[in-house]
Structures are given as structure tokens and as C-alpha cells.
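Student: I have a structure open and would like to talk it through with you. Could you help me read it piece by piece?

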There are 2 protein chains.
Amino acid sequence: MNLRTTLPTVLCAAAALLLAGCASARAPQRYGMVIGVKPEKLEYYKELHAKPWPGVVKMIRDCNIRNYSIYLKQVDEQHWYLFSYFEYTGKDFKKDMARMAKDPETQRWWKETDPCQTPIPTHARDEWWSKMEEVFHSE
Amino acid sequence: MNLRTTLPTVLCAAAALLLAGCASARAPQRYGMVIGVKPEKLEYYKELHAKPWPGVVKMIRDCNIRNYSIYLKQVDEQHWYLFSYFEYTGKDFKKDMARMAKDPETQRWWKETDPCQTPIPTHARDEWWSKMEEVFHSE
């Protein structure tokens, strides 16, 4: 046993156990969303997201969104989609989203990103991104 | 300050900080995947995944897949897709996937799930599920 090498491992394991306890006390809500993206706007959309505006990223975190990824895929000759996955750690998703929508920097960001996107034909009346159904989860 | 209420909060924060240090030392690799699903097989696919076989779930974990979700969405009149998100915490993804593919229980599971799915027209030659491009991530 070498304390110098085993101590970090032990500390990490202890932290993981503690955090697992905290997490199970209030597990995040998972969200999967989808939207179409216009082929002619692909590059601009990618450029924007390669260097997202700091104020927008801060607002995402302030509104309790964590581990947020967006994926891009061309699924057939004519259709490109964006898929997002994120975890919500707050207590009132609607309230936090309303707060985000009021942020001037976020509004400017959406003025750039909205024209890149096309809601899917099956979107609900109040949806921009469409919520997907979770059919499986494994920790 | 009430020690009984603040101590758990302090411990959770300390655990989160410690684990953040561990995680940055070896962050998981994120994967987003997509595949088509046959409308006539939707219900069977959902039934299977509502009660996944324990041996299949164990093999997923043994192969270092964590936080694995599958989402389902009808995007237009004719197309239903499955989107998956997971985190890989191992050292050799190809090796772990080869191990999974050799597992008899997983093979039996895939005999049930494969006929439900249709790889997208743009899939790579060696793909069943198609890998998507990550264009944004925020912790």
C-alpha cells in the first residue's frame, strides 16, 4: 500500500459515495429535445456554438441546467436535426425557463439561432424544441 | 447557523468539489446516437425497455456505460427515431463494445430489438446506431 497513490483513490471513492447520497436525495430531471436545422445555416450554427457567448452560458447555469449537450445529424438526404440532452437541477423548470427567456443577452443569442432552426412538423403548439419521450434509462 | 441543517449541505458541497476534481482528472466521453424505429414495433420496443433484462443492464455497466438514456420521437408523418445519450467511463470503447457484443444475453436482447430498428439512410458502413456530432456542451 502506497499512501501517496491510494489516498486520492480513497478520497474520490468517498466523495462519490457522499455525492451519490446527495444526488439520490434530489435526482436531476433529464430532458431530451429535438428540432430541425436548415442545411444552409449549419455552419453558422456550429460557429456560434463553438464559441458560445459567456452571458448565455452563465444564464444556462443560473437557470439550473447542467450537463447540456447538443448533437447534430443528417438523417437522410433532406433532413438535418439537432438533438439536445440536459439535466435540470432546480425546483421549478417553467419558472427558470421564463427567467431565461427574459434575459436580454439570451434574447440576442436566440435572434441568431432561431433563424437556423425549423420546429419539427409534429411539434406541440407551444414548442420550439420538441420534447422527446424517455423510454429507457440506466444509471 | 443550525449545525443539523447546514452540515449535510457543507458535506454535499465538499463531496461535489472533490468529485469535480476527480472527474476533471478523467472526464467521461459523451456519445449521442440515432436510429430509426418501425412504427409497428414501437409498442414492443417500449415494453422491452420498460423492463430491461437484468443481465443486459449489468453488461452495460460492466462495459463502462453510465447515465444512458434512450428517447423516442415521431418527427414527421412517416418517421420515428430513437436518440440515445450515454457517458463512457472506460479506457477502450471499442474493446468494451466488442465484449458486450459477445455476451449471450445481450445477443438474445438484440434479437428482439434489432427487428424494431432501421439504421438511418446516412449511416456509416459499420454502424447500426449512427453517431452524431457534438456541437455544444456546457457543464
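**Loops, helices and the pairing of chains**

Tutor: Let us start at Asn64(B), which sits in the loop between α3 (54–62) and β2 (65–74) of chain B, where helices (H or I, at least four residues) and strands (E, at least two) are DSSP runs, numbered from the N terminus. This is a predicted model, in which local features need pLDDT of at least 70 and side-chain atom pairs count only at pLDDT 80 or more, while totals for chains, interfaces and linings use all residues. Residues are numbered from 1 along each chain as its sequence is written, chains are lettered from A and ligands numbered from 1 in the order in which they are written, and side-chain values use heavy atoms, with hydrogens and water left out.

Student: What is the phi of Asn64(B)?

Tutor: Phi of Asn64(B) is near 70°, a positive value in a residue other than glycine. Most residues other than glycine have a negative phi. Asn64(B) counts as partly exposed because its relative accessibility is 22%; buried means under 20% relative accessible area, exposed over 50%, and partly exposed in between, with a 1.4 Å probe and protein chains only.

Student: And in chain A, which residue just after α3(A) takes a positive phi?

Tutor: That is Asn64(A), with a phi of about 70°. Asn67(A) also has a positive phi, near 50°, and Asn67(A) lies in strand β2 of chain A, where Asn67(A) is buried with a relative accessible area of 12%.

Student: Back up a bit. What's the overall layout of chain A?

Tutor: Chain A has 5 helices and 6 strands, and along the sequence they follow the pattern α-β-α-α-β-β-α-α-β-β-β. Of its 139 residues, 37% count as buried. Among the contacts in chain A with a separation of 6 or more, 72% are between residues 24 or more positions apart, a contact being heavy atoms within 4.5 Å.

Student: Which residues of helix α3 in chain A are buried?

Tutor: In α3 (residues 54–62) of chain A, the buried ones are Val56(A), Met59(A) and Ile60(A). Seen down the axis of α3(A), the buried residues fall within an arc of 105°, so they line one face of the helix; the arc is that of the directions from the helix axis to the C-beta atoms. On the other side of α3(A), Pro54(A) and Lys58(A) are exposed.

Student: What do the buried residues of α3(A) pack against?

Tutor: They pack against β2 (65–74), α4 (93–102) and α5 (104–113) of chain A, together with β6 (133–138) of chain B.

Student: Since chain B has come up, how many residues are in contact between the chains?

Tutor: 47 residues of chain B are in contact with 47 residues of chain A. The two chains bury about 4400 Å² between them, 64% of it on carbon and sulfur atoms, where buried area is the accessible area (1.4 Å probe) that two parts lose on being put together, summed over both. In chain B, Tyr71(B), Val135(B) and Phe136(B) lose the most area to chain A, together 18% of what that side buries.

Student: How are the copies related, and what turn lays chain B on chain A?

Tutor: A turn of 180° with a shift of 0.0 Å along the axis lays chain B on chain A with an RMSD of 0.0 Å, the copies being superposed by least squares on the C-alpha atoms of residues with pLDDT of at least 70 in both. That is the relation of a two-fold axis. As 100% of the interface residues of chain B are also interface residues in chain A, the copies meet through the same surface.

Student: Changing topic, how many aromatic pairs does the structure hold?

Tutor: It holds 19 over all chains; rings of Phe, Tyr and Trp (its six-membered ring) pair if their centres lie within 6.5 Å, and planes under 30 degrees apart count as stacked, over 60 as edge-to-face and the rest as tilted. Tyr88(A) and Phe93(A) form an edge-to-face pair, 5.1 Å centre to centre with 80° between the planes. In chain B, the rings of Phe86(B) and Phe93(B) have centres 6.2 Å apart and planes at 20°, so that pair is stacked.

Student: Which rings are linked into a cluster?

Tutor: Ring pairs link Tyr31(A), Tyr68(A), Phe86(A), Tyr88(A), Phe93(A) and Phe136(B). Of these, Tyr88(A) is buried, with a relative accessible area of 1%.
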